[in-house]
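Work through the exercises below with the sequence and coordinates open. Each task is followed by a stepwise solution.

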Amino acid sequence: MDRSRMGNDLLTTTRAFRRRLDLTRPVARQDLLDCLDVAVHAPSGTNRQPWRFLVVEDPDTKQQIAEYYRKGFAAYLSARTPRPDQLGDLASGRYLAAHLHEVPALVVVCSLGRPPANAAGLQLASFYGSVYPAVWNFMLALHDRGLGSTMTTAHLVYEQEIADLLGIPFDQITQVAMLPVAHLLPGARSPGPHRIPAAEVTMWNRWSEE
Ligand SMILES: Cc1cc2nc3c(=O)[nH]c(=O)nc-3n(C[C@H](O)[C@H](O)[C@H](O)COP(=O)(O)O)c2cc1C
């Protein structure tokens, strides 16, 4: 694939890839490291670079994480009444949940520290905002190389259990997302949820509900 299509095309076509993940083809560690090298160019508050990445390839460990994920995802589904335009996304969400253990690599993205109890908005923005740009960089780099992923958080209901499983010191390290990574199967991406045009969500000079 053309590796130089950084720009609007890559930025606007990188989406949540679930059904197009190739569950049979291994992902090379070097490919993951190359993409993580792009991830770590993201900004972070005072350049703290608090991200840490734990790549899970072991089948038994993936199976256990997937079981926690499925329970978390089921709880998420049961707490919601989806809008009609969300049904396709939820169907592909169910597909990913059912097959998560088959995805070649689960990249658990962590941050050093924990958000302070009763954290103020500023602290939360700094804490999570210092890791998610790296997550998105990673997803873009994957897509640029013919790989794909989906940002997932449904498993975080069981963050403590997964920390114990993976040997993560829960009181010092926060899991912020998990990215199941695979090569992409050929084929056009399904349309997916549309985006509200920027002009409809942008205000000038003063908040306005119109
Ligand atoms: C913070 C965050 C958490 C998410 N958690 C999940 C998740 O647990 N499971 C899942 O299947 N998708 C998850 N997603 C993916 C969104 O459902 C997806 O990005 C959104 O529906 C838009 O779809 P698109 O990127 O394909 O356009 C998450 C996305 C974000 C930004």
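The exercises treat a predicted model and go from the sheet to the helices and then to single residues.

**Exercise 1. The sheet**

Task: Find the order of the four strands in the open sheet, and say which strands stand at the edges.

Solution.
- Step 1. Start with β1 and β2. Six bridges join them, and the two strands run antiparallel.
- Step 2. Go on to β2 and β4. They pair over eight bridges, again in the antiparallel sense.
- Step 3. Take β3 and β4. Two bridges link them, and the sense is antiparallel.
- Step 4. Chain the pairs together. The order is β1-β2-β4-β3 in an open sheet with antiparallel pairing.
- Step 5. Read off the edges. β1 and β3 each have a single partner strand, so one side of each lacks a neighbour in the sheet.

**Exercise 2. Register across the strands**

Task: Which residue of β4 stands opposite Val108, and which residue of β2 is the bridge partner of Leu54?

Solution.
- Step 1. Look from Leu54 into β2. Its bridge partner there is Val108.
- Step 2. Look from Val108 into β4. Met178 stands opposite.
- Step 3. Add another pair with β4. Ser111 has Thr174 as its bridge partner in that strand.
- Step 4. Finish with β3 and β4. Leu147 is bridged to His183 of β4.

**Exercise 3. Cover on the strands**

Task: How many residues of β2 and of β4 are buried?

Solution.
- Step 1. Apply the cut-off: a buried residue has under 20% relative accessible area.
- Step 2. Count in β2. Seven of its eight residues are buried, and the strand is mostly covered.
- Step 3. Count in β4. Here 11 of its 11 residues are buried.

**Exercise 4. Helix α6 on the sheet**

Task: Describe the length of α6, its direction relative to β4 and the elements its buried residues pack against.

Solution.
- Step 1. Check the length. α6 covers residues 132-144, which is 13 residues. From first C-alpha to last it reaches 18 Å, close to the 18 Å expected at 1.5 Å a residue.
- Step 2. Place the helix. α6 lies across β1, β2, β3 and β4. It runs at about 5° to β4.
- Step 3. List the buried residues. They are Ala134, Val135, Phe138, Met139, Leu140, Ala141, Leu142, His143 and Asp144.
- Step 4. Find what they pack against. The strands are β1 (51-56), β2 (105-112), β3 (147-148) and β4 (173-183), and the helices are α1 (8-13) and α2 (29-39).
- Step 5. Look just past the end of α6. Gly146 has a positive phi of about 85°.

**Exercise 5. Helix pairs around α3**

Task: Are α3 and α4 roughly parallel or roughly antiparallel, and how do the axes of α3 and α7 cross?

Solution.
- Step 1. Choose the descriptors. Two packed helices are described by the angle between their axes and the distance between the axes.
- Step 2. Take α3 (residues 59-78) and α4 (residues 87-99). Their axes come within 9 Å and cross at roughly 160°.
- Step 3. Classify. Angles over 145 degrees count as roughly antiparallel, and α3 and α4 are therefore roughly antiparallel. Their crossing is left-handed.
- Step 4. Name the contact. α3 brings Tyr69, Arg70, Phe73, Tyr76 and Leu77. α4 brings Leu90, Gly93, Arg94, Leu96, Ala97, Ala98 and His99.
- Step 5. Repeat for α3 and α7 (residues 159-166). The axes come within 10 Å and cross at roughly 175°. These helices are therefore roughly antiparallel as well.
- Step 6. Name this contact. Thr61, Gln64, Ile65 and Tyr68 of α3 meet Glu161, Ile162, Leu165 and Leu166 of α7.

**Exercise 6. Exposed residues and positive phi**

Task: Are Thr46, Asn47 and Pro59 buried or exposed?

Solution.
- Step 1. Apply the cut-off: exposed means over 50% relative accessible area.
- Step 2. Take Thr46, in the loop between α2 and β1. At 77% relative accessibility, Thr46 is exposed.
- Step 3. Take Asn47, in the loop between α2 and β1. Its relative accessible area is 51%, so Asn47 is exposed.
- Step 4. Check the backbone. Most residues other than glycine have a negative phi. Phi of Thr46 is positive, near 45°. Asn47 has a positive phi of about 55°.
- Step 5. Take Pro59, in helix α3. At 56% relative accessibility, Pro59 counts as exposed.
- Step 6. Relate Pro59 to the sheet residue of Exercise 2. Pro59 and Met178 are 119 residues apart along the chain, and their C-alpha atoms are separated by 16 Å.

Methods: Residues numbered from 1 in each chain as written. Predicted model: local features only at pLDDT ≥ 70, side-chain atom pairs only at ≥ 80, totals over all residues. Heavy atoms only, no water. Expected span 1.5 Å × (residues − 1). Buried < 20%, exposed > 50% of the residue type's maximum accessible area, 1.4 Å probe, protein only. Contact = heavy atoms within 4.5 Å. Pairing = 2+ DSSP bridges. Axes fitted to C-alpha atoms, helices over the stretch in contact; angles between N-to-C directions. Parallel < 35°, antiparallel > 145°, perpendicular 65-115°, else oblique. Left-handed = near helix turned anticlockwise from the far one by under 90°.
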